[in-house]
Amino acid sequence: MEKSANNLSEQGKQSATQPESSLLAPTAEQLKAEATADVLPIMQQIDVLATEQDISLSFLEHLLSMPKNNAVKYLHAKARKAVETVYGDKIFLRGLIEITSYCRNNCNYCGIRRSNKTLERYRMTPETIMTCCKEGYSYGMRTFVIQGGEDMWWNDERLGALVSDIRSQYPDCAITLSMGEHSRESYQRLFDLGANRYLLRHETADENHYSYLHPSEMSFQNRMQCLQWLKEIGFQVGCGFMVGSPGQTPQTIHKDLQFIRTFRPQMVGIGPFVATQHTPFAEEPNGSVETTLRLLSIIRLLHPHVLLPSTTALGSLHPLGRELGILAGANVLMPNLSPVENRELYNIYDNKICLGDGIDHCYDCLQTRMESTGRRIVVERGDFVG
Ligand code: SAH
């Protein structure tokens, strides 16, 4: 039976006021009032960070390396307060549809890189994609994220037709594309046909690091150029990076944060790097959940209005990863609407959660999980508040 969106919104409201098992930490004020001399100066520096919306490399290094103490709790509490000031207690859903696992690129970290010959590839039909949208809509999703590898079958004409179809059937929904690098003309055309947002993680703002993560045929300049075009065209743009990717250092992260400060994207996607078989980085260590949480909070304080997902990768490396992401300042969740039979094949990274769970199960699971955060999932597009 289809659930009504209104009902779900109502459930969300009730559960937010009656959390069953609360993860809620003390507020920033409480933490500061009880602060000991060792953490108080750090809390004060966090206040300066929040006021100036800037961070030095040395303070970043300090925040990322300090033990898990009350100053870390304070960082998260300040970030929660910042997001609640702009977006209240709302958590926005984005229904993710992974439309193709074919990819012309060969990114060193990614499981769907073209050299991975072990992977059976799939490409959804437009009909299947429309069915995913229908199901997502019935669960209250008002943003669809169309993501995939850089698959040339999905040319301007086919992707344009899909965008037009979704636009005409769901005039009240946002369409987000996450289909990689294309020409300015292609982006413009997709925008004109009704796409509103585009996710293109910059992956790293350090050119040498970019070269380490990608084969030589891919260029840092082009990635940055694409982000610029998307912004100029009028998309709400999302950049982002993996936390703990091979070769990443506090210096490269500092560049990422400076890039976010100056580019001012509407969305930022960060999640831990997950070492993935059949890639050159298969034996590298995974990124840290703790570092990801600290960076979520720092990004929230540097750019309080940004839409920040608590990513599936975070949930994949920690059983409460998505809840902790929300409590660190994230305000978006991206449940998977792809048919269950495709999910394992969209293996950008290993050990992804929810591979066997349909949206009915995922929806209920996320509702329950979010109860412990004191926030509520809403039925809204969740546009950037500028
Ligand atoms: N082709 C699209 C979508 C890429 S997949 C594009 O180029 O934008 C979306 C994101 O997954 C990537 O931007 C990357 O940051 C992330 N990703 C890829 N491999 C990963 C891995 N092994 N661990 C964690 N995240 C990964």
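How many residues of strand 7 are buried? Let's work that out together, along with a few related exercises.

**Before you start**

This is a predicted model, in which local features need pLDDT of at least 70 and side-chain atom pairs count only at pLDDT 80 or more, while totals for chains, interfaces and linings use all residues. Residues are numbered from 1 along each chain as its sequence is written, and side-chain values use heavy atoms, with hydrogens and water left out.

**Exercise 1. Find how strand 7 is covered, and on which faces.**

Step 1. Fix the terms. Strands (E, at least two residues) and helices (H or I, at least four) are DSSP runs, numbered from the N terminus. Buried means under 20% relative accessible area, exposed over 50%, and partly exposed in between, with a 1.4 Å probe and protein chains only.

Step 2. Count. In strand 7, 6 of its 6 residues are buried, and the strand is mostly covered.

Step 3. Split by face. Met 267, Gly 269 and Gly 271 are buried on one side, and Val 268, Ile 270 and Pro 272 are buried on the other.

**Exercise 2. Place strand 7 in its sheet and describe the strand pairing.**

Step 1. Set the criterion: two strands pair if DSSP finds at least two bridges between them. As background, strands of a sheet pair through backbone hydrogen bonds, either parallel or antiparallel.

Step 2. Read the order. An open sheet of 6 strands runs 2-3-4-5-6-7, with parallel pairing. Strand 2 (95–100) and strand 7 (267–272) are at the edges with a single partner strand each, so one side of each has no neighbour in the sheet. From one strand to the next, the twist averages 20 degrees.

Step 3. Follow the bridges.
- Strand 3 (residues 143–148) and strand 4 run parallel and are joined by 5 bridges; Thr 143 stands opposite Ala 174 in strand 4.
- Strand 5 (residues 197–199) pairs with strand 6 (residues 236–243) in the parallel sense over 3 bridges, and Leu 199 faces Gly 238 in strand 6.
- Strand 6 and strand 7 run parallel, joined by 6 bridges; Met 242 has Gly 271 in strand 7 as its bridge partner.

Step 4. Check strand 4. Since 5 of the 5 residues of strand 4 (residues 174–178) are buried, this strand is largely enclosed by the rest of the structure. Ala 174, Thr 176 and Ser 178 are on one side, with Ile 175 and Leu 177 on the other.

**Exercise 3. Describe the other open sheet, in the order 8-1-9, and the helix lying across it.**

Step 1. Take the strands. This open sheet has 3 strands with parallel pairing. Its edges are strand 8 (332–333) and strand 9 (376–378), each with a single partner strand, so one side of each is left without a neighbour.

Step 2. Take the pairing. Strand 1 (residues 90–93) and strand 9 pair in the parallel sense over 3 bridges, with Lys 90 opposite Arg 376 in strand 9.

Step 3. Add the helix. Helix 16 (residues 359–371) lies across strand 1, strand 8 and strand 9, at about 135 degrees to strand 9. Axes are lines fitted to C-alpha atoms, for helices over the stretch in contact (heavy atoms within 4.5 Å), and angles run from 0 to 180 degrees between N-to-C directions.

Step 4. List burial. Among the buried residues of helix 16 are Ile 359, Tyr 363, Leu 366 and Met 370.

**Exercise 4. Trace the largest nonpolar core and the elements and domains behind it.**

Step 1. Define the core: a set of buried Ala, Val, Leu, Ile, Met, Phe, Trp, Tyr and Cys residues joined through side-chain atoms within 4.5 Å.

Step 2. Locate the hubs. The largest nonpolar core has 106 residues, and Leu 63, Leu 295 and Ile 298 have the most contacts inside it. Helix 12 (residues 289–302) gives the most to this core, with 8 residues.

Step 3. Bring in domains, whose bounds come from an automatic or database domain assignment. This core draws at least three residues from each of domain 1 (5–20 + 91–378) and domain 2 (28–80).

Step 4. Zoom in on Leu 295. Leaving out residues up to four places away in sequence, Leu 295 touches partners including Leu 60, Leu 64, Phe 241 and Ile 270.

Step 5. Finish with the domain pair. The C-alpha centres of domain 1 and domain 2 lie 28 Å apart. Their contact takes 23 residues from domain 1 and 22 residues from domain 2.
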